[in-house]
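Let's take a walk through this protein together. Have a look at the sequence and the fold, and then we'll go from one side chain outwards to the rest.

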Amino acid sequence: MSFIYKRTANYYETDMMGIVHHSNHIRYFEEARIAYMRQIGCDVLKMEQEGIIIPNVDAYAKYLLPVRFGEEVEIEVSLTTFTGARMEYTYTMRKQDGQVAAQGHTLHCFVNPEFKPISLKRSFPAYFQALKAILIS
(Lines give C-alpha, C1' and ligand atoms only; values in the text may rest on other atoms or scores of the structure.)
Protein backbone atom coordinates (compact mmCIF):
# COMPACT_ATOMS: atom_id res chain seq x y z
CA MET A 1 0.00 0.00 0.00
CA SER A 2 1.38 3.38 -0.93
CA PHE A 3 0.44 6.85 0.24
CA ILE A 4 0.23 10.12 -1.69
CA TYR A 5 1.40 13.31 0.01
CA LYS A 6 0.85 16.69 -1.68
CA ARG A 7 2.73 19.90 -1.05
CA THR A 8 3.56 23.16 -2.78
CA ALA A 9 7.13 24.38 -3.20
CA ASN A 10 7.84 27.45 -1.08
CA TYR A 11 9.89 30.42 -2.26
CA TYR A 12 12.46 30.00 0.52
CA GLU A 13 13.13 26.43 -0.66
CA THR A 14 14.47 27.60 -4.02
CA ASP A 15 18.03 28.41 -5.00
CA MET A 16 19.52 31.11 -7.23
CA MET A 17 18.40 29.17 -10.30
CA GLY A 18 14.79 29.45 -9.16
CA ILE A 19 14.33 25.74 -8.51
CA VAL A 20 13.82 23.83 -5.29
CA HIS A 21 17.26 23.20 -3.78
CA HIS A 22 18.26 19.54 -3.90
CA SER A 23 18.49 19.25 -0.10
CA ASN A 24 14.78 20.00 0.20
CA HIS A 25 13.79 16.86 -1.68
CA ILE A 26 14.96 14.77 1.30
CA ARG A 27 12.85 17.03 3.53
CA TYR A 28 9.83 16.47 1.27
CA PHE A 29 10.41 12.73 1.51
CA GLU A 30 10.50 12.96 5.30
CA GLU A 31 7.26 14.97 5.39
CA ALA A 32 5.61 12.30 3.25
CA ARG A 33 6.92 9.44 5.42
CA ILE A 34 5.77 11.07 8.66
CA ALA A 35 2.30 11.78 7.21
CA TYR A 36 2.09 8.16 5.99
CA MET A 37 3.12 6.78 9.36
CA ARG A 38 0.57 9.00 11.14
CA GLN A 39 -2.18 7.75 8.80
CA ILE A 40 -1.51 4.09 9.66
CA GLY A 41 -1.40 4.68 13.42
CA CYS A 42 2.35 5.12 13.88
CA ASP A 43 2.49 8.79 14.82
CA VAL A 44 6.20 9.61 15.06
CA LEU A 45 5.76 12.15 17.86
CA LYS A 46 3.76 9.67 19.94
CA MET A 47 6.30 6.93 19.23
CA GLU A 48 9.11 9.20 20.44
CA GLN A 49 7.14 9.97 23.60
CA GLU A 50 6.90 6.20 24.16
CA GLY A 51 10.66 5.82 23.78
CA ILE A 52 10.96 4.81 20.12
CA ILE A 53 13.48 6.89 18.18
CA ILE A 54 13.62 6.41 14.39
CA PRO A 55 16.93 7.72 13.05
CA ASN A 56 17.57 8.00 9.35
CA VAL A 57 20.65 5.93 8.52
CA ASP A 58 20.66 6.34 4.73
CA ALA A 59 19.02 8.73 2.29
CA TYR A 60 19.21 8.93 -1.48
CA ALA A 61 17.55 11.14 -4.07
CA LYS A 62 17.80 11.15 -7.85
CA TYR A 63 16.73 14.43 -9.44
CA LEU A 64 15.06 14.16 -12.82
CA LEU A 65 13.16 17.44 -13.39
CA PRO A 66 13.30 20.80 -11.62
CA VAL A 67 10.53 21.86 -9.27
CA ARG A 68 9.91 25.61 -9.10
CA PHE A 69 8.37 27.97 -6.56
CA GLY A 70 4.59 27.55 -6.43
CA GLU A 71 4.51 24.18 -8.14
CA GLU A 72 2.52 21.47 -6.43
CA VAL A 73 4.05 18.03 -6.26
CA GLU A 74 2.77 14.66 -5.17
CA ILE A 75 5.11 12.35 -3.32
CA GLU A 76 4.17 8.69 -3.45
CA VAL A 77 5.72 6.87 -0.51
CA SER A 78 5.85 3.11 0.05
CA LEU A 79 7.29 0.96 2.79
CA THR A 80 9.40 -1.55 0.87
CA THR A 81 11.41 -3.29 3.61
CA PHE A 82 10.43 -3.88 7.23
CA THR A 83 12.07 -6.27 9.68
CA GLY A 84 10.91 -4.90 13.01
CA ALA A 85 14.41 -3.53 13.62
CA ARG A 86 14.69 -1.41 10.47
CA MET A 87 12.57 -0.14 7.59
CA GLU A 88 13.10 1.32 4.13
CA TYR A 89 10.80 3.66 2.25
CA THR A 90 10.85 4.54 -1.44
CA TYR A 91 9.59 7.83 -2.86
CA THR A 92 8.45 9.05 -6.25
CA MET A 93 7.84 12.79 -6.61
CA ARG A 94 5.58 13.80 -9.50
CA LYS A 95 4.70 17.17 -10.95
CA GLN A 96 1.07 18.03 -11.67
CA ASP A 97 1.40 16.78 -15.25
CA GLY A 98 2.48 13.35 -13.94
CA GLN A 99 6.15 13.66 -14.88
CA VAL A 100 8.55 12.23 -12.33
CA ALA A 101 10.65 15.01 -10.78
CA ALA A 102 12.62 12.89 -8.30
CA GLN A 103 12.93 9.41 -6.86
CA GLY A 104 14.62 8.20 -3.73
CA HIS A 105 14.70 6.08 -0.63
CA THR A 106 15.43 6.34 3.07
CA LEU A 107 16.51 3.67 5.53
CA HIS A 108 15.65 3.86 9.24
CA CYS A 109 16.23 1.82 12.36
CA PHE A 110 14.53 1.77 15.76
CA VAL A 111 16.43 2.69 18.91
CA ASN A 112 15.58 3.64 22.48
CA PRO A 113 16.42 7.09 23.92
CA GLU A 114 19.94 5.81 24.74
CA PHE A 115 20.32 4.88 21.03
CA LYS A 116 20.36 1.14 21.75
CA PRO A 117 18.65 -0.92 19.00
CA ILE A 118 15.16 -2.19 19.73
CA SER A 119 12.84 -4.66 18.03
CA LEU A 120 9.32 -3.39 17.51
CA LYS A 121 8.01 -6.96 17.33
CA ARG A 122 9.13 -7.64 20.92
CA SER A 123 8.80 -4.21 22.50
CA PHE A 124 5.90 -2.56 20.63
CA PRO A 125 3.83 -5.24 18.85
CA ALA A 126 0.98 -2.88 17.87
CA TYR A 127 3.39 -0.66 15.91
CA PHE A 128 5.03 -3.76 14.44
CA GLN A 129 1.65 -5.01 13.15
CA ALA A 130 0.66 -1.59 11.76
CA LEU A 131 3.88 -1.32 9.75
CA LYS A 132 3.86 -4.96 8.68
CA ALA A 133 0.32 -4.53 7.33
CA ILE A 134 1.41 -1.87 4.78
CA LEU A 135 4.61 -3.58 3.62
CA ILE A 136 4.92 -3.86 -0.15
CA SER A 137 6.64 -7.06 -1.16
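With which side chain does the side chain of His-108 make a polar contact at 2.8 Å? The partner is the side chain of Thr-106. Keep in mind as we go that what you are looking at is a predicted model.

Let's stay with His-108 for a moment. This residue lies in strand β5, and with a relative accessibility of 1% it counts as buried. Its side chain also makes a polar contact with the side chain of Arg-33, at 3.3 Å. If you leave aside neighbours within four places in sequence, His-108 is in contact with Arg-33, Ile-54, Pro-55, Asn-56, Val-57, Arg-86, Met-87, Tyr-89 and Tyr-91.

One name in that list, Tyr-89, makes a good next stop. Not counting residues up to four places away in sequence, Tyr-89 touches a long list of residues, including Arg-33, Tyr-36, Met-37, Val-77, Leu-79, Thr-106, His-108 and Leu-131. Tyr-89 is also among the residues with the most contacts inside the largest nonpolar core, along with Ile-75, Met-87, Met-93, Phe-110 and Leu-131. That core has 37 residues. Two or more residues each come from β1 (2–8), α1 (22–39), α2 (44–49), β3 (72–82), β4 (86–95), β5 (100–109) and α4 (125–134). The biggest giver is α1, with six residues.

Now for the strands. β1 and β3 run antiparallel and are joined by seven bridges; if you want one to look for, Lys-6 has Glu-74 in β3 as its bridge partner. On to β4: nine bridges join it to β3, and these two strands are antiparallel as well. Here you can pick out Glu-76, whose bridge partner in β4 is Thr-92. β3 and β4 form a hairpin with three residues between them, and Gly-84 in that turn has a positive phi of about 95°.

Next, swing round to α4. Which of its residues are buried? They are Tyr-127, Phe-128, Ala-130, Leu-131 and Ile-134. These residues sit on the same side of α4, because they cover an arc of only 165° around the axis. On the face turned away from that buried side you'll find the exposed residues Ala-126 and Ala-133. And what covers the buried ones? The cover includes α1, α2, β3, β4 and α3 (120–123).

Between β5 and α3 there is a loop, and Phe-115 lies in it. Is Phe-115 buried or exposed? It is exposed, with a relative accessible area of 54%. Its backbone deserves a glance too. Most residues other than glycine have a negative phi. Phe-115, however, has a positive phi, near 65°.

Last, the cysteines. How many disulfides are there? The count comes to zero. Cys-42 is in no disulfide, and the nearest cysteine sulfur, that of Cys-109, is 16 Å away. A disulfide would need the two sulfur atoms within 2.5 Å, so Cys-42 and Cys-109 do not make one. As for its surroundings, Cys-42 counts as buried, at 0% relative accessibility.

Terms used. Residues numbered from 1 in each chain as written. Predicted model: local features only at pLDDT ≥ 70, side-chain atom pairs only at ≥ 80, totals over all residues. Heavy atoms only, no water. Core = buried A, V, L, I, M, F, W, Y, C linked by side-chain atoms within 4.5 Å. Buried < 20%, exposed > 50% of the residue type's maximum accessible area, 1.4 Å probe, protein only. Helix = DSSP H or I, 4+ residues; strand = E, 2+ residues; numbered from the N terminus. Contact = heavy atoms within 4.5 Å. Arc of directions from axis to C-beta. Polar contact = N/O pair within 3.5 Å; in protein donor to acceptor, adjacent residues only side chain to side chain. Pairing = 2+ DSSP bridges.
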